[in-house]
Amino acid sequence: MSLENTISEAIKTAMREKDKVALDSLRAVKSQILLLKTEARGAEVSAEQEIAILQRMIKQRKDSYDQFAAQGRTDLADVEEAQMKVIEKFLPQQLTAEELETEIKNIISQTGAESIKDLGKVMGMASKALAGKSDGKSISEMAKKLLS
């Protein structure tokens, strides 16, 4: 089942349960998928594109959460956090720190990277290999740590 169909079913469930936060989050995701399909002139959206949409939406909400929390607006920060949790349910299982470290060590050995100067090679390969399993910031931090 595609993400779009899964989201549609989740929207129906949220409507039945009168879960406003989930409904708003899911409608936003569906809107982004439909927008991407429109831009692609009706072509099917790939799984990678769907994951990228979800990650981008989570990042947007995390940034908003950080801003609201810094301004002391916990009411708005709580909404953003709740929406993040709803959207995260549709991402593949995220890697733990240990699993991420193991994966990046493997990538470093495959690329032959030896120092921080080789970060670009590692990041290019890691971003593709770990898409959806971990966010770019975590990948970058781990790669920098291991190459230092």
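This is a guided tour of a predicted model, moving from one selection to the next.

**First stop: helix α2**

Begin by selecting residues 20-39, which form helix α2, and look along the helix from one end to the other. At 1.5 Å a residue, the 20 residues of this helix should span 28 Å, and because its end C-alpha atoms are 28 Å apart, the expected and the modelled lengths agree. Now colour the buried residues of α2, which are Ala22, Leu23, Ser25, Leu26, Val29, Ile33, Leu36 and Lys37. If you show the neighbouring helices as well, you will find that these buried residues pack against α1 (3-17), α3 and α4. Just beyond the helix, select Arg41, which follows α2 and has a positive phi, near 55°.

**Second stop: salt bridges**

A search of the whole structure finds eight salt bridges, and three of them can be visited here. Select Glu4 and Lys37, whose side chains meet in a salt bridge with an N to O distance of 3.0 Å. Glu4 lies in helix α1 and Lys37 in helix α2, so this pair ties together parts that are 33 residues apart in sequence. Glu4 has a relative accessible area of 16%, and is therefore counted as buried, since buried means under 20%.

Next, select Asp24 and Lys20, which form a salt bridge in which the closest N and O atoms are 3.0 Å apart. These two residues are four residues apart in helix α2, so about one helical turn separates them. An α-helix has 3.6 residues a turn, so residues three or four places apart point the same way. Asp24 is partly exposed, with a relative accessible area of 32%, whereas Lys20 is exposed, with a relative accessible area of 58%.

Then select Asp75 and Arg73, whose side chains meet in a salt bridge at 3.1 Å, N to O. Asp75 counts as partly exposed at 44% relative accessibility, and Arg73 also counts as partly exposed, at 36%.

**Third stop: Glu80**

Select Glu80, which is found in helix α4 (residues 74-88). Which side chain of opposite charge is nearest to Glu80? It is that of Arg61, 4.6 Å away, and Glu80, although buried, has no salt bridge. The reason is that a salt bridge needs the nitrogen and the carboxyl oxygen to be within 4 Å. Leaving aside its neighbours within four places in sequence, Glu80 is in contact with Arg61, Ser64, Tyr65 and Phe68.

**Fourth stop: the largest pocket**

Turn on a surface and look for the largest pocket, which holds about 490 Å³ of space. Its lining is made of 16 residues, of which Gln55, Ile58, Lys59, Lys62 and Asp135 lie nearest its centre. The elements that give two or more residues to this lining are α3 (47-70), α4 and α7, and the largest share, seven residues, comes from α3.

**Last stop: helix α7**

Finish by selecting residues 136-147, the twelve residues of helix α7, which should span 16 Å at 1.5 Å a residue, and whose end C-alpha atoms are indeed 16 Å apart. The buried residues of α7 are Ile139, Ser140, Met142, Ala143 and Leu147, and they pack against α5 (97-111) and α6 (119-129). Is Lys137, another residue to select, buried or exposed? Lys137, which is found in helix α7, counts as exposed, at 58% relative accessibility. As a final step, select Phe90 together with Lys137: the two are 47 residues apart along the chain, and their C-alpha atoms are separated by 20 Å.

Definitions and conventions
Residues numbered from 1 in each chain as written. Predicted model: local features only at pLDDT ≥ 70, side-chain atom pairs only at ≥ 80, totals over all residues. Heavy atoms only, no water. Expected span 1.5 Å × (residues − 1). Buried < 20%, exposed > 50% of the residue type's maximum accessible area, 1.4 Å probe, protein only. Contact = heavy atoms within 4.5 Å. Lys, Arg positive; Asp, Glu negative; His and termini not counted. 1 Å grid on protein atoms, 1.4 Å probe; cavity = no way out; pocket = protein on both sides within 12 Å on 5 of 7 lines; lining within 4 Å. Points joined across faces, edges and corners; volume = space filled by probe spheres on them.
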